[in-house]
Amino acid sequence: MEKRETFSSRLGFILVSAGCAVGIGNVWKFPYICGQFGGAAFILIYLLFLGILGIPILVCEYAVGRSSRKSCAASFQALEPKGSQFHCYGGFAMAGNVLLMMFYTTVAGWMMCYFWKCLTGTFTASPMTTEAVASVFSALTADPWQMLFWAVLATVISFGICALGVVNGVERITKWMMVGLLGLIVVLAVNSLLLPGAGEGIRFYLVPNFAVMQERGIGNVIFAAMSQAFFTLSLGIGAMSICGSYKEKTESLTGDAVSVTVLDTFVALMAGMIIIPACFSFGIEPGAGPSLIFITLPNIFNQMAGGRIWGTLFFLFMTFASFSTVIAVFENLIACACENFGWDRRRACVIGMTALVLLGLPCALGYSVWSFIQPLGAGSTVLDFEDFLVSNLLLPGGSLVYLLFCVTRWGWGFDGYTAECNTGDGPKMPRWVKPYFKYVLPVLIAVILVQGL
C-alpha cells in the first residue's frame, strides 16, 4: 500500500476542507431554502445551529480522522476499545459517500453545462425572458444524452484530479478553485446589490421578519435550518474525517473547524446575496426551488456590461465549487479502497470511476427516460429521493455516531477526543463542554433525525 500523504500546509487543509463543505449546499440549496423559509429570520437560526451543532461535530470528525490516519471505513476500528461495535458504521458511512455522489455528480454536470452555455452565448444570443431561460433548463433535464454526458464528464475529471495524489492533485487544484471562487463571488454580490429594485430583496435577506417565520411554521423553519447546517458542512459520512486524516498535528482542530465554518458560511451568505436581491429585481419567487440558480443568474448576467464573460466565469467557478466537494468525497472512497483492498491509487480511481458512472445513471436519467420512478410520490425524482436519504438520514444519523463515539466509554471517550483535538497550537476544546456534548447534543441531533424521517 502506498505511503500516506499529508497536506503541505495549514492553508491547504483549510481550503480543501472548505472546498468539501462549499458546493451545492451553498450555491444551490441555501439561497432557495432561505427564500422558502423567510429570509433573514431563517439565517439567524441557521447561524445559531452552525455554532452549537456544526462546529462540535466537525471537530469530532477531524479528530477521528487525524488520530486514526485512515478513511472513515477503518478509522473507528483503529480507535475503538476492544469489544466496541462502532466500526460497523464504517460501511454505512462509505455507502453514504457513494449515495451522495450518485446525485452530486449530476448537479456538478449541470454547473459545467451552464458554463458552456454561457461561454457559447446561449443566453445572450437574443433578449431572453425568464420563461425562455427556464426552458433551457427544462430542455437540459429532458435530454438523457446531455444529462449523461455532463454527469460522466464531472465524474471522470474529478477522479482524474484525485489520481494525481493528495498534494499534487486534491490540495493544489482545490486551493486555486477556492481562491478564484471567493474573489468572483464578492464581485457578483456587489453587482447584484446595485440592480434596480434590489433594495426590497436586501431587506428580505438581512432584516428578520418573524411573521413570515410563523406563517411557515416555527418548527419547520428550525428543522430546515438544522438540516442545512449538517448538509452545508458535509457532516456525518466521513467526508471531513478524510481531510483530518491528511492533516499534521502542528495545530489544534477547534480553530481550524471555526475557520472552515466561517469560510463556508461566507460563501453561502454571498450566494444568497447574489440570488435573493436579483429575484426581487426581476420579479422571481425567491423560494422557487432547486432550479432557481439556473433561472435567476442568467437574467442577472443579461443586465450586466460584459454579461457573457461574467456569466461564463461565474458558472466556471460554481463548477469549481461543486467539484471541490466531489473531489474530497472521491478521495474518501479512494482511501477506503486502498486501505481495505490493497489497491494502488490508479487502480482505485479507475474502478471507482466506473462504479460511480453506473451508479449515477438513475439520477441522470431520472428526469427523462426513467421519470416514471417517483420514490417520494407524484412529481418527485430519483435525485429528490437520494437527497432525502443523505440529508435527512445519513448526515444527522452519522453525526450522532461520531458524537457518541467521541464522548462515551463504549467508543473513543471524551479524554481521547479532547487530547487529539487539543494537540498543537491554537484554541483548545475546554473540558467543561463535556456535559453539553454528552447530554444535549445527542438529543438535538436525534430530534433532527426523527423529524426528518
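**Exercise 1. The backbone at two loop residues**

Is Arg69 buried, partly exposed or exposed? Work this out in the predicted model, and then treat Ser234 in the same manner.

*Solution.* Begin with the location: Arg69 is found in the loop between H3 and helix H4 (72-79). Next, consider the backbone, where Arg69 has a positive phi of about 60 degrees although it is not a glycine. Finally, the relative accessibility of Arg69 is 24%, and the residue therefore counts as partly exposed, given that buried means under 20% and exposed over 50%.

For Ser234, the location is the loop between H11 and helix H12 (241-245). Ser234, which is not a glycine either, has a positive phi of about 55 degrees. With a relative accessible area of 8%, however, Ser234 is buried.

**Exercise 2. Helix H1 and the ring of Phe13**

Determine how far H1 is enclosed, and then follow the contacts of Phe13.

*Solution.* Step one is the geometry of the helix: H1 has 12 residues and reaches 17 Å from its first C-alpha to its last, close to the 16 Å expected at 1.5 Å a residue. At the start of H1, the backbone nitrogen of Gly12 has a side-chain oxygen of Ser9 within 3.0 Å.

Step two is burial. Of the 12 residues of H1, 10 are buried, so the helix is largely enclosed by the rest of the structure; among these buried residues are Gly12, Phe13, Ile14 and Cys20.

Step three turns to Phe13. The whole structure holds 29 aromatic pairs, and one of them joins Phe13 to Tyr62 in a tilted arrangement, with 5.0 Å centre to centre and 55 degrees between the planes. Because Phe13 lies in helix H1 (residues 10-21) and Tyr62 in helix H3 (residues 40-68), the pair ties together parts that are 49 residues apart in sequence. Both Phe13 and Tyr62 are buried. In addition, Lys247 lies over the face of Phe13, at 4.7 Å from the ring centre.

**Exercise 3. Helix H20, its kink and its cover**

Describe the course of H20, locate its kink, and state what covers its buried residues.

*Solution.* First, take the length: helix H20 (residues 434-452) has 19 residues and reaches 26 Å from its first C-alpha to its last, which is close to the 27 Å expected at 1.5 Å a residue. Second, look for a bend: a kink of about 35 degrees lies at Val440, shortly before the proline Pro442.

Third, list the buried residues of H20, which are Phe437, Leu441, Pro442, Ile445, Ile448, Leu449 and Gly452. In an α-helix there are 3.6 residues a turn, so residues three or four places apart point the same way. The cover over the buried residues of H20 includes H3, helix H11 (218-232), H18 and helix H19 (414-421).

Fourth, examine the aromatic pair formed by Tyr436 and Phe437, which is edge-to-face, with 6.3 Å centre to centre and 75 degrees between the planes. Tyr436 has 25% relative accessibility and so counts as partly exposed, whereas Phe437, at 2%, counts as buried.

**Exercise 4. The surroundings of Thr319**

Which backbone oxygen does the side chain of Thr319 reach at 2.7 Å? Solve this after placing the residue in its helix.

*Solution.* Thr319 lies in helix H15 (residues 307-341), and at 6% relative accessibility it counts as buried. The side chain of Thr319 reaches the backbone oxygen of Phe315 at 2.7 Å, while the backbone oxygen of Met111 lies 3.4 Å from a polar atom of that side chain. Leaving aside residues up to four places away in sequence, Thr319 touches Met111, Met112 and Phe115. Phe315 also belongs to one aromatic cluster together with Trp110, Tyr114, Phe137, Phe294, Phe314 and Tyr367.

**Exercise 5. Two further helix residues**

Compare the settings of Thr265 and Asp384.

*Solution.* Thr265 has its place in helix H13 (residues 253-282) and is buried, with a relative accessible area of 9%. When residues up to four places away in sequence are not counted, Thr265 touches Leu47 and Leu50.

Asp384 has its place in helix H18 (residues 382-407) and is partly exposed, with a relative accessible area of 30%. Again not counting residues up to four places away in sequence, Asp384 touches Leu376 and Gly379. The C-alpha atoms of Asp384 and Cys363 are separated by 9.0 Å, although the two residues are 21 residues apart along the chain.

Definitions and conventions: Residues numbered from 1 in each chain as written. Predicted model: local features only at pLDDT ≥ 70, side-chain atom pairs only at ≥ 80, totals over all residues. Heavy atoms only, no water. Phe/Tyr/Trp six-rings, centres within 6.5 Å; stacked < 30°, edge-to-face > 60°. Helix = DSSP H or I, 4+ residues; strand = E, 2+ residues; numbered from the N terminus. Buried < 20%, exposed > 50% of the residue type's maximum accessible area, 1.4 Å probe, protein only. Lys NZ or Arg CZ within 6 Å of the ring centre and 35° of its normal. Contact = heavy atoms within 4.5 Å. Expected span 1.5 Å × (residues − 1). Bend = angle between axes of the 7 residues up to and from the residue. Polar contact = N/O pair within 3.5 Å; in protein donor to acceptor, adjacent residues only side chain to side chain.
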